[in-house]
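Me: Could you walk me through reading a structure like this one? I'd like the general idea each time, and then the case itself.

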Amino acid sequence: VSAAPGIYGLVLSGGRSTRMKRDKAKLEYAGKPQLERAMDLISPLVERSFVSLRSEQRSDPQRAAYEAITDLKPNLGPIGGIQAALHAHPQNAWLVLACDLPFLDAATLQHLIARRAPARLATAYRSRFDDLPEPLCAIYEPASLPAIEAWIAQGENCPRKWLSRSDVELLALPELRALDNVNTAEEYAAASAEVGAPAVQRRHLNVRYFALLREQAGRGSEALQTEARTPQELYQQLQRERGLKLAPEYLRVAVNDEFGDWHQPLADGDTVAFLPPVAGG
Amino acid sequence: MNRFSLHETAFDPQRLLEALRHPSCGGYVTFEGTVRDHNEGRAVRRLEYEAFAPLALREGERILAAACARFAVERVHCAHRTGALEIGELAVWVGVAAKHRGEAFDACRYIIDHVKHSVPIWKKEYYEDGDSGWVNCEHCATAPELTAAPGPHPAHDTCNS
C-alpha cells in the first residue's frame, strides 16, 4: 500500500493587484501582512511551505523571509505559480492558496486535506457564488502537472476552467465566506474592519514635496513614522505638523511615483507625494 | 531617447525636429512655448520650472502614446525645460510628423493641451516688483471652515504658452 504523496504548501504572491493599486501580500489585517497570515495558516498543515513569486519579486524582503518558487514563464498568472511548484517538487501534492483570502481559517484547510482524493488530479471547493471550482484554495496532485502543462501549451491560463474540465474532487465549503477575496480598496477596508481592527501601527513613509508645498514644508522630502493609513490621513497630519496650507481638493496624490488615490492603503516603505495644481508649458 | 524629455538646460529644437524626419512623412508641425514677459497683468522678469521627474516622464509618455493612438501621426516628441528660464527662452517644444498636415496639427494641439493639464511640472513666476508666485497654486489655500474633500483641480489657465 503506497501512501498518498506528502503535501507541500504554496502561497501565491505574484499577482499584480491592479485594482487594489497595492501589493495584496502586504495588506494588513489585525496588524499582520496578509502574506505572513497565509504562511502562518498553511505552514503547520504541510511538510514544507513556499511563497510563489515573479522573478522581479525575489529581492522583496517580506517575500525573502520564506522559501520561494519563481514562475518559470512570465504573465501566466496563478497557473504559472502552480506549474512552477509542481515542476520544482514533482513527487509532492501542493496545497495552493491565494494571497487575498483574509477570511480563510485553519478549519477550512483541514477539511480540504481530510477530504482530499489523491487518486484524482485535484481537490477543490465549489464557489459559493457559481458552484465552479475554486482554484486558489485547492490541492493539486503530482499527476496534474502534465495536464496543466498541456493546458498552458494550448494557450490557456485559467485554472478555474482547467479544474472544471478535469477529474477533480469538489467539496462544499464548510464555512461559506472562507474564500471571499478582496480586490478593491473598499473591499479591503470592510474586510480589515471585520477581521480585526488593525492594532495601531506606525509605518515608515517617505514624503516628497513640490513647488508651493515644498516651500511651505521647508523641505523637498522627509522620512517619517506615522499612524496614517491612507494619503488622506497623512495629508491631514502634515497640514498640522508642517503648516501645509493648500486644500486637498486642489491636489493630486502620487504613491511610489505613480498617480494614486486619497483612500488607498499605505504600506511600510511607501513614498507619497502631494501634487499641487500643475502649470507646465 | 524617450519621446517625452525633461531638460535642465537649453535644448536644441532643430535637433529634435531632425530626429522626427522620415521619408514616409509629408507634414511636420511643431509648437514652441517661450517665456513671456507678463502674466495676468503683471510684468514677469523670469521663471522657474520644477518637475516630479519620474512621474512627469511617465505621464508625458502616456500623453504621447494617446496622441499616436488617436491621430494618424508617425512620430512625436515633447521636450520640457526645468530650472531657471529668462524671458524669451524656450520652455516647451512639441514636434509631430505625419503623412498629412491635418492630423499633425490636431495631434500637436492635443499634446500641448494635455501636457499643460496633467504632467507634474510647476512654474514659479518672479515679477518685476520683486514678488513671486506659483502659477495656479496661489488661490488654493485652505479656507478656515472648509471641509477637506479631495476633488479635481481648479480650471485656471494662466500659463505662458
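Reply: Below we go from one chain to the interface, then to salt bridges and backbone angles. One thing up front: this is a predicted model.

Me: Let's start with chain B. What does its secondary structure come to, and in what pattern along the sequence?

Reply: Chain B has 3 helices and 9 strands. Going along the sequence, they run β-α-β-β-β-α-β-β-β-α-β-β. Of its 161 residues, 45% count as buried. For the contacts in chain B between residues at least 6 apart in sequence, 76% join residues at least 24 apart.

Me: Now a helix. Which residues of H1 in chain A are buried, and how should I read the list?

Reply: General idea to begin with: an α-helix has 3.6 residues a turn, so residues three or four places apart point the same way. Now the case: H1 of chain A covers residues 34-42, and its buried residues are A:Gln34, A:Leu35, A:Ala38, A:Met39 and A:Ile42. Looking down the axis of H1(A), you'd find these buried residues within an arc of 135 degrees, so they line one face of the helix.

Me: On to the interface. How many residues does each chain bring to the contact, and what area is buried?

Reply: Chain B brings 40 residues and chain A brings 31. About 3,100 Å² is buried between the two chains, with carbon and sulfur atoms giving 59% of that area. As for specific pairings, there are 4 salt bridges between chain B and chain A, and 16 residue pairs are in polar contact across the interface, both partners at pLDDT 80 or more.

Me: Which elements of chain B give two or more residues to the side that touches chain A?

Reply: They are strand S4 (42-51), helix H2 (53-70), helix H3 (101-118) and strand S8 (121-127). H2(B) gives the most, with 5 residues. By class, that side of chain B has 22 nonpolar, 10 polar and 8 charged residues.

Me: How do I read the salt bridges, and which residues pair up across the chains?

Reply: The general idea is that side chains of opposite charge can pair when their charged atoms come close. One case here is B:Lys124 with A:Glu215, at 2.5 Å from N to O. This pair crosses between chains, from strand S8 of chain B to helix H8 (residues 211-217) of chain A. B:Lys124 counts as buried, at 10% relative accessibility, while A:Glu215 counts as partly exposed at 34%. Another pair is A:Glu258 and B:Arg58, whose closest N and O atoms are 3.3 Å apart.

Me: And inside the chains? How many salt bridges are there over all chains?

Reply: The whole structure has 34. One of those within chain A joins the side chains of A:Arg242 and A:Glu222 at 2.8 Å, N to O. A:Arg242 sits in helix H9 (residues 231-242) and A:Glu222 in strand S11 (residues 221-226), so the pair ties together parts that are 20 residues apart in sequence. A:Arg242 is partly exposed at 24%, and A:Glu222 is buried at 10%. In chain B, B:Glu18 and B:Arg21 meet in a salt bridge of 3.3 Å; B:Glu18 is partly exposed at 41%, and B:Arg21 is partly exposed at 39%. There's also a network of salt bridges linking A:Asp23, A:Lys26, A:Asp60 and A:Arg63.

Me: What about B:Asn39: is it buried or exposed? Which side chains does its own side chain contact?

Reply: B:Asn39 is buried, with a relative accessible area of 6%; the cut-off for that label is under 20%. You'll find B:Asn39 in strand S3 (residues 38-39) of chain B. Its side chain has a polar contact of 3.2 Å with that of B:Arg36 and another of 2.7 Å with that of B:Glu125.

Me: Last one, backbone angles. What is phi for A:Asn75 and for A:Asn256?

Reply: As background, most residues other than glycine have a negative phi. A:Asn75 has a positive phi of about 65 degrees although it is not a glycine. A:Asn75 lies in the loop between strand S5 (68-70) and helix H3 (78-88) of chain A, and counts as exposed at 59% relative accessibility. For A:Asn256, phi is near 50 degrees, again a positive value. A:Asn256 is in the loop between strand S12 (252-255) and strand S13 (258-259) of chain A, and counts as partly exposed at 36%.

Note on methods. Residues are numbered from 1 along each chain as its sequence is written. Chains are lettered from A and ligands numbered from 1 in the order in which they are written. This is a predicted model: local features need pLDDT of at least 70, side-chain atom pairs count only at pLDDT 80 or more; totals for chains, interfaces and linings use all residues. Side-chain values use heavy atoms; hydrogens and water are left out. Buried means under 20% relative accessible area, exposed over 50%, partly exposed in between (1.4 Å probe, protein chains only). Helices (H or I, at least four residues) and strands (E, at least two) are DSSP runs, numbered from the N terminus. The arc is that of the directions from the helix axis to the C-beta atoms. Contact means heavy atoms within 4.5 Å. Buried area is the accessible area (1.4 Å probe) that two parts lose on being put together, summed over both. A polar contact is a pair of N or O atoms within 3.5 Å; within protein, one must be able to donate a hydrogen and the other to accept it, and residues adjacent in sequence count only if both atoms are side-chain atoms. Ala, Val, Leu, Ile, Met, Phe, Trp, Tyr, Cys and Pro count as nonpolar, Asp, Glu, Lys and Arg as charged, and the others, Gly among them, as polar.
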